Amino acid sequence: MSKSNTIENKEIVQAIVIADSYNGNFDPYTSTKPLASLPIGNVPLIEYTLEILNRNGVEEVILFCSNHIDQVKHYIRERQSARCTWSINMTVSIISSESCRSIGEAMRDLDARNTIRGNVLLLGVDSVTNANLAALLDEHKRVSKLDRGAVMTVVFKEGLRRMRTGNEVLIAMDPTTRRLLYHQRLTQQERERTFEVPLELFLANRDVAVCHGLLDPQIAICSPAALPLFADNFDFLTRDDFVRGVLINEEILNSRIYVAKLASEEYAMRVNNWQSFHLVNLDVINRRLYPLVPDTAISEFRQMYKHFRNNIYRHPNVRLSTSCVLDGDLVVGEESEICEGTYLRQSVFGRSCRIGRNCQITNSFLMEGVVVGDGTVLNHCILERGVTVGDGCTINPGTVLGEGVEIPSRMVVPGLLLQASKPADDEWSAPVQKIADRAYTIPVLDEDESDSDEEDEKSGQPALNQPIVIAPLPERYPPSVYEPSDDECDSGSASPVQEDANIFLSEVLESLKRGLSERTNAEYLILEINSSRYAYNMALCEVNYYVVKAILQIMLQEDGVVTNTVATLRRLLDYFGVVFRNYIRDRDAMMDCLKAFEEMCSTSETMRTKIAQLVHYLYEQDLIGEEVIIEWYDGMEDETIKSTLSKLVHWLQESSEEEDEEDDDD
């Protein structure tokens with residue numbers, strides 16, 4: 001009897017995945033294909049969602065679909081037949097309703113079907129995360145036992161400083177219980193100068209914590225009472241409507257919402273427009289979504305790409321010219337071809353792409369079968385499947401070329417959304433322009449022409465069906481640790497705001513010390529440092545400087561460092577070598593490293609007396625080049641340090657002269 005009761009009472013771990021965004025932010029892609037198939041790093045969005053749910057012990061996924069239903073069903077059946085990783089221990093049921101046009105309607109449909117049997121994870125197919133969802137579910141269950149009225153736990157993540165993606169919110173909560181007290185979505189355009197929080201919050205609650213700029217990845221844990229609330233309130237169209245409605249009517253509904261904030265090492269972002277699509281692609285390339293990284297072949301039992309230096313992921317079956325330049329942060333798909341003289345950086349190339357000679361492609365995303373002619377420049381743009389771009393074209397930032405679009409040679413495309421065929425006439429939309437035989441503009445709602453914009457901005461909601469096109473990333477958000485952004489300085493001493501610099505250094509120091517004591521995988525430390533870098537908006541030269549400074553500070557705290565300084569550094573680099581080489585890899589970074597050594601000499605007598613031996617050791621290990629050492633020495637102003645280094649530099653100069661003489665003799 002007890003055994004049967006245990007089986008009956010066991011709660012099946014369920015998740016609801018909303019497969020549609022219910023807006024036109026991804027036009028022209030979603031006009032012919034489901035959002036679930038949108039590729040991030042050449043892997044469909046749905047694969048990231050199902051794989052992370054599978055890794056968190058979810059047993060049953062209810063995939064609610066309203067658009068392109070047949071394509072979604074066909075894809076899921078195909079993946080289940082292929083026995084992908086998530087299909088083995090997890091069932092995926094597709095519930096479809098073409099009449100649903102919002103998350104609220106989807107939830108009401110699910111409530112009517114009685115498919116949910118307990119606490120359930122709720123997220124969109126566009127929610128990309130590596131978070132510990134099982135722990136969040138357990139925490140929600142714990143809160144529900146303490147508060148029977150807990151209907152939902154909403155998940156937030158610390159946002160990017162001074163940057164908007166359309167996912168940011170301002171909240172107020174009780175810092176002790178983490179009960180949500182106030183919720184406001186921030187506008188994409190960063191127009192707010194001040195924020196109004198009701199005075200009643202502070203009068204009615206003893207402690208209030210206000211959090212600004214949190215990222216909302218649209219992940220939540222719902223109690224069984226959540227779906228009936230959607231069913232009883234037809235004005236709940238979005239999850240934000242649900243949250244606001246519950247907050248306004250807490251006493252009437254006897255319902256409360258709680259907050260869960262993800263840890264710094266956990267990643268979560270919603271791909272809700274082309275700009276966030278751009279960001280998430282670069283984050284995946286930079287391994288911020290670990291273990292869901294390109295070289296693991298997500299949901300497959302094989303390796304799809306080889307991972308090379310500077311975050312270059314390349315399928316074994318590609319054709320690369322010996323004169324093409326792969327600069328970094330790249331994914332190159334199977335059977336793609338890159339011809340002579342072409343320069344590629346921070347981009348993704350799908351299967352069977354062909355890139356002509358002498359092209360320049362940066363921050364662009366090319367899907368399957370794209371053909372780019374000779375001498376073409378692509379910058380911050382998206383080319384969907386089967387697009388053809390002729391010779392000598394310039395595709396400017398913000399351009400999205402829909403499936404099958406053909407751009408003739410020597411054309412300049414100024415940031416447009418284009419599709420291959422002329423759309424149906426609509427008296428409410430802007431006029432359609434014909435750019436070429438297979439290139440027509442897609443009308444984008446102008447903010448100044450939208451009657452509802454002012455109301456939407458006051459409520460913090462973007463206008464419905466208003467695409468937010470891809471644009472150059474703000475310089476304050478360098479997307480990769482491997483390439484400096486335009487605003488990053490030449491090598492020199494770091495000069496950030498002092499408070500942020502100190503906090504960043506302390507976080508790097510704490511991460512390195514913890515890693516050293518626990519002997520964790522050193523690559524994880526790189527992820528932590530990168531996370532802190534984005535949080536404090538540090539330039540790459542500053543990151544290089546402070547990483548080396550942190551290692552030196554740890555060295556000076558080790559036992560026996562005064563008598564065995566070089567041996568102590570050697571022992572530390574046996575562990576920190578992966579971290580050191582990740583950042584100190586080119587001439588500018590080497591100069592940043594040496595400036596950190598120079599700075600440490602001003603506070604440490606050990607460093608001042610042993611700097612020549614330490615620099616010599618780095619030179620012998622090929623971590624610092626002799627030309628960089630000599631250049632650093634020539635520009636140094638501290639005569640005491642120069643005197644200590646003079647013999648080493650003199651020896652390097654003599655060695656260099658001898659090598660030059662030998663070359664001349666040969």
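Which residue just after α4 takes a positive phi? Keep that question in mind while we walk through this predicted model; the answer comes at point 5.

1. Let's start with helix α4, which covers residues 69-81 and so has 13 residues. From its first C-alpha to its last, α4 reaches 18 Å, close to the 18 Å expected at 1.5 Å a residue.

2. Now look at which side chains are hidden. Ile69, Val72, Ile76 and Arg79 are the buried residues of α4. Viewed down the helix axis, these buried residues fall within an arc of 105 degrees, so they line one face of α4. A general rule helps here: an α-helix has 3.6 residues a turn, so residues three or four places apart point the same way.

3. What lies over that buried face? The cover includes α3 (45-55), β4 (60-65), α5 (85-89) and β5 (91-96).

4. On the face of α4 turned away from its buried side, you will find the exposed residues Asp70 and Ser81.

5. Back to the opening question: the residue is arginine 83, just after α4, with a positive phi of about 55 degrees.

6. Elsewhere, 6 strands form an open sheet with parallel pairing, in the order β18-β21-β24-β27-β30-β33. β18 (325-326) and β33 (412-413) stand at the edges with a single partner strand each, so one side of each has no neighbour in the sheet.

7. For a look inside this sheet, try β21 (residues 343-345) and β24 (residues 360-362), which run parallel and are joined by 3 bridges. Here leucine 344 stands opposite isoleucine 361 in β24. In general, strands of a sheet pair through backbone hydrogen bonds.

Conventions
Residues numbered from 1 in each chain as written. Predicted model: local features only at pLDDT ≥ 70, side-chain atom pairs only at ≥ 80, totals over all residues. Heavy atoms only, no water. Pairing = 2+ DSSP bridges. Helix = DSSP H or I, 4+ residues; strand = E, 2+ residues; numbered from the N terminus. Expected span 1.5 Å × (residues − 1). Buried < 20%, exposed > 50% of the residue type's maximum accessible area, 1.4 Å probe, protein only. Arc of directions from axis to C-beta. Contact = heavy atoms within 4.5 Å.
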